[in-house]
Amino acid sequence: MKTIQKQAQALLCNSLLASAVAVIFATSALADELNYSNKLLLTGGVSQVEGAAGGGLTPWAVIGGYGTNNEVGGSVHYTYVKTGDYKLDTYGFTIGLFDRVEFSVAEQSFDLGKLRNKVTAGLGADVFGRNQLTQTIVGLKVRVAGEAILDADTWMPQIAVGLQYKDNDETDFIKSAVIGAKSDHGTDVYVSATKLLLAQNLLLNGTLRLTKANQFGLLGFGGDKHDSYQPMLELSAAYLLRKDLAIGAEYRMKPDNLRSPANDLLFGGANVVDLKEDDAFDVFIAYAPTKNISLTAAYVNLGNIATVKAVGADYGNQEGVYLSAQIGF
Amino acid sequence: MNINIKAATAALLATATFLMAQPAIAEVYAQNPNLGNTPMEGTATFEAFGGKEGLVKIMDDFMIGLVADPRTKPFFDNNKQTFIKAMLVEQMCELMNGGCKYPGRDMKASHANMKVNREGFNALVEQFQFAMDKHNVPFSAQNKLLAKLAPMYREIETTTGDAVPPVFPKAE
Ligand code: HEM
């Protein structure tokens, strides 16, 4: 049942993506002719890892796409994260309506093939049964106050509230005794405040998120340590070097909900399968060669995701690269 | 409990007032009713623009850009160009503490017989950025001036719908 629903969902997402791409190319051809679109460069942010407009890890209060308050904008994006032992692919689209409402869909695929091989070799049995964990994230964001870019003479930031509904496809695995997540779906709720300090070339963002998600939801929601919503703080700062070039850093708190039930069941309570979750941070550079394209490269550190030292999978500190491309209008 | 609520409300109100307050505005309008914002301190930014001479050259190219850009052309492809450029030079010069006195109208009055929307406003900012780039004004100096200009959208933008340009005779 779940698989059929999932396939239908994936199909819908893909066809939505295809039509979004078509619209974007049609519009960007038009925009090329005029050679302009109507928001200022980079002021729509880039697509963060869950599909909302923001930095790399964190949603911002800006509305995605280059549409102004009487226009519709949007973008498609692809993001590749490669840490020492894992890989994450994300693609999706974002639509901004009248600089007020943002709608986004993202598909994530997390590759843990390397861990699977180690564990299978160590145990002599394949308890994973898959190399990828996938999930769909549907996001909604509404700007409720302020004007991040133009209100340069007040401290009042732009404020938005948002939610991200996440539906993980790997129900059996994430709820299994290996992971012990309590649910395969969940909704994050957040409020973001973004301010451009134009005279200082500085953009600041703070986001407060209520969440139960383990590793963004890729390892499900809730676990044996915690199964309730917890507030998490996310901070970004970007320094504008040129109107098309920004560097910055981000920090994102993450909950630490999981304790593998297998540790009690099989290993007498020893922390053999270590699922301790750490906070994430990144240092990024974002470049917009034209109005329609933005490219982001970052060093990212996700900390521990899943470590099984007993089988030689000592994967404690997952750091690596984050590369993202976005085409928008 | 009651007191707590009162205290909380007072604190919230105080914060809100602090956030919303545009500290210098009352002062500005007393000093210079039409400029639209407070002048800068020091003259470093003015110098980065090449002084008044530099401003004149930038405004010449700015106007060429405004007329070439389909989003702003209807507003500027007319016989007001020389006047608007001269006014902009005085306004920017005074905002950058360059020793000028802007003689024009305030931002609300000068944009009253037209309808400007956000596209138009951003288009103008972009054309201004192109002109400043062309004249090698450093990015951070550009942003110091833009920070003075950006808030003027509150007086200048008068619609979230279609733009309506003013009706002026064409330039000879
Ligand atoms: C921060 C942005 C802007 C500034 C600082 C600015 C400044 C000025 C100034 C100083 C004048 C002359 C004032 C006077 O008549 O005494 C003027 C006039 C004018 N502006 Fe703007 N302006 C801005 C944005 C815009 C935009 C976005 C448009 C349209 C897209 C526009 C269209 C015009 C027109 C058509 C006039 C001539 C009006 C008349 O003479 O009746 N301006 N502006």
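**Notebook: ligand shell in chain B**

Started with the helices around the ligand: α5 (73-76), α6 (81-95), α7 (107-110) and α8 (118-134) of chain B each put at least two residues into the shell. Reminder to self: this is a predicted model.

Next I asked which helix gives the largest share of that shell. I get α6(B), with 6 residues.

Then I went through the shell by residue type. I find 18 nonpolar, 6 polar and 2 charged residues there.

I also wanted to know which of the 26 residues around the ligand come nearest. My list reads B:Phe76, B:Lys80, B:Tyr102, B:Arg105 and B:His111.

Three of these names I followed up for polar contacts. For B:Lys80, I see a polar side-chain atom 3.0 Å from a ligand oxygen atom. B:Arg105 uses its backbone instead: an N or O atom there sits 2.8 Å from an oxygen atom of the ligand. With B:His111 I am back to a polar side-chain atom, 2.8 Å from a nitrogen atom of the ligand.

Zoomed out to the whole of chain B after that. I count 10 helices and 0 strands, so to speak an α-α-α-α-α-α-α-α-α-α string from the N terminus on.

How much of chain B is buried? I note 45% of its 172 residues.

Looked at sequence separation too. Taking contacts in chain B between residues at least 6 apart in sequence, I have 78% joining residues at least 24 apart.

Last entry, on surface: chain B exposes about 9,000 Å², and I put down 62% of that to carbon and sulfur atoms.

Technical notes:
Residues numbered from 1 in each chain as written. Chains lettered and ligands numbered in written order. Predicted model: local features only at pLDDT ≥ 70, side-chain atom pairs only at ≥ 80, totals over all residues. Heavy atoms only, no water. Near = heavy atom within 4 Å. Polar contact = N/O pair within 3.5 Å; in protein donor to acceptor, adjacent residues only side chain to side chain. Helix = DSSP H or I, 4+ residues; strand = E, 2+ residues; numbered from the N terminus. Nonpolar A, V, L, I, M, F, W, Y, C, P; charged D, E, K, R; others polar. Buried < 20%, exposed > 50% of the residue type's maximum accessible area, 1.4 Å probe, protein only. Contact = heavy atoms within 4.5 Å. Areas by Shrake-Rupley, 256 points an atom, 1.4 Å probe, with all protein chains shown as cover.
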